[in-house]
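Me: Please explain how the descriptive terms are applied in this model. For each one, I should like to see the value set against its cut-off.

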Amino acid sequence: MTAADALPWLHPGRVAALQSALAQRILVIDGAMGTMIQRHELQEADYRGERFAQGYDALFAPEASHTHGPGCGCQAHDQRGNNDLLTLTRPDLIRGIHDAYLAAGADLVETNTFNSTAISLADYHLTHLVRELNREGAKLARAACDAAGARTPDKPHFVIGVLGPTSRTASLSPDVNRPGFRATSFDQLADAYREAAGGLIEGGADVLMVETVFDTLNAKAALFAIDDAFAAAGGRLPVMISGTITDASGRTLSGQTAEAFWYSLRHARPLSIGLNCALGARDLRPHIDVLARIADVAVSTHPNAGLPNAFGGYDETPEDMAGVLHVFAAAGLLNLVGGCCGTTPAHIAAIAEAVRGLPPRALPQLEAAA
């Protein structure tokens, strides 16, 4: 039990609606954001929009003595590929993607904030945007869910505030010649996650998800920071955790099996534990089997559309993916299901249809620890 467990729910009505929905059916999470953005073939100017068109943030000067302009050095950092920035420069595009997934049958949509931490945004020299990107990302998803809910009042929709893994690992050295070196620390990660979580809460997220966890120590820092953010907000949200099995070894990058991953994080009492990304659904099956057997919380999976092909694309069709995940659901393994890299609204529509009417996984009654 964590200190945050003593806090009230920030949005008790939404939590009750989510828990009720989880008890009744398998809930559908949306699909990939990056895959949908790539379809638009955006250029540097698209990412910059008007606010960043001159090579810097027109609404922000880092120092009183700094004057933006030609030759100031701020223009040296390309933004193409910084998908999270589109929340500010192309909110219409991001909102459209949320709407498409909701129309396809998603019950929960993820915010466009996978890289909206100071650690990841440092690569683009935009660390000052952390709070804003998370807040506005949650607001966009909130507006999309509220609009969908108005059309289907009997079917609520929920915003997952996404906290990605960052581009650094606290457990492993990035330098093979210096095995004791770490590119980040627990405290640095916690600071980054705390700021991001605060923005997601302000923007109206229903749930926070620590997603694509490849290093459990990073996840622990995120959970520690989330507790701090809840304390600052005076209330809490449900928390989801989703790890990633990186290869055929069946382990995370920091070396844990699915079983070890769960037991390392069970103390956080999450709403759900699951796996996403890296592998396709077929290869995730044995690891979801393990979680479904040992976890006394909901189990989720949102896998890639198969493994990447030689061109970096994904070949698994909506029908293929839905067929595999139907077997997962029919076997009683799932409470939440969706898609990660390579998936589209067509994949989510097929998955939603494949699990429709199947009962959600029943939570096992486990013996209490001695």
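Reply: A residue is called buried under 20% relative accessible area, exposed over 50%, and partly exposed in between (1.4 Å probe, protein chains only). The model is predicted, so that local features need pLDDT of at least 70 and side-chain atom pairs count only at pLDDT 80 or more, while totals for chains, interfaces and linings use all residues. Residues are numbered from 1 along each chain as its sequence is written, and side-chain values use heavy atoms, with hydrogens and water left out.

Me: Why is Ala278 called partly exposed?

Reply: The relative accessible area of Ala278 is 22%, which lies between the limits for buried and exposed, so the intermediate term applies. Ala278 sits in strand 6 (residues 272-280); helices (H or I, at least four residues) and strands (E, at least two) are DSSP runs, numbered from the N terminus.

Me: What makes the phi of Ala278 worth a remark?

Reply: Most residues other than glycine have a negative phi. For Ala278 the angle is near 60°, a positive value in a non-glycine residue. Thr212 also has a positive phi, near 55°, and is not a glycine. Thr212 belongs to strand 4 and has a relative accessibility of 10%, so Thr212 counts as buried.

Me: How do you know that Ser264 is buried?

Reply: Ser264 has a relative accessible area of 18%, which is under the limit, so the residue is classed as buried. Ser264 is part of helix 10 (residues 258-265). Apart from neighbours within four places in sequence, Ser264 is in contact (heavy atoms within 4.5 Å) with Thr216, Lys220 and Gln256.

Me: What makes the pair of Ser264 and Gln256 a polar contact?

Reply: A polar contact is a pair of N or O atoms within 3.5 Å; within protein, one must be able to donate a hydrogen and the other to accept it, and residues adjacent in sequence count only if both atoms are side-chain atoms. The side chains of Ser264 and Gln256 come to 2.7 Å, so this pair meets the distance limit.

Me: Why is Gly199 called buried?

Reply: Its relative accessible area is 0%, so Gly199 is buried. Gly199 is found in helix 8 (residues 186-203). Leaving aside residues within four places in sequence, its contacts are Arg131, Asn134 and Arg135. Gly199 and Leu133 are 66 residues apart in sequence, yet 7.6 Å separates their C-alpha atoms in space.

Me: What places His287 among the buried residues, and what does His287 touch?

Reply: With a relative accessible area of 15%, His287 falls under the limit, so the residue is buried. His287 lies in helix 11 (residues 281-294) and touches Ile245, Gly250, Ala258 and Leu275, not counting residues up to four places away in sequence.

Me: How do you know that the length of helix 5 is close to what is expected?

Reply: The expected span is 1.5 Å times one less than the number of residues. Helix 5 (residues 91-104) has 14 residues and reaches 20 Å from its first C-alpha to its last, close to the expected 20 Å. Just after helix 5, Gly105 takes a positive phi of about 120°.

Me: Which residues of helix 5 are buried, and what covers them?

Reply: The buried residues are Leu93, Ile94, Ile97, His98, Tyr101, Leu102 and Ala104. Their cover includes helix 2 (33-38), helix 4 (86-89), strand 2 (108-110), helix 7 (130-151) and helix 13 (345-355).

Me: Why is helix 13 called mostly covered?

Reply: Of the 11 residues of helix 13, 8 are buried, namely Pro345, His347, Ile348, Ala350, Ile351, Ala352, Ala354 and Val355. These residues pack against strand 1 (27-28), helix 2, helix 5, helix 12 (318-330) and strand 8 (336-337). Gly357, just after helix 13, has a positive phi of about 85°.

Me: What makes a group of residues a nonpolar core?

Reply: A nonpolar core is a set of buried Ala, Val, Leu, Ile, Met, Phe, Trp, Tyr and Cys residues joined through side-chain atoms within 4.5 Å. The largest such core has 94 residues, and those with the most contacts inside it are Ile37, Leu208, Ile226 and Ile273. Another core lies apart from it, with 15 residues, among them Val207, Met209, Met240 and Leu336. Not counting residues up to four places away in sequence, Ile37 touches Leu42, Tyr47, Asn83, Leu86, Leu93, Ile94, Ile97 and Asn112. Among these neighbours, Leu93, Ile94 and Ile97 are buried residues of helix 5.
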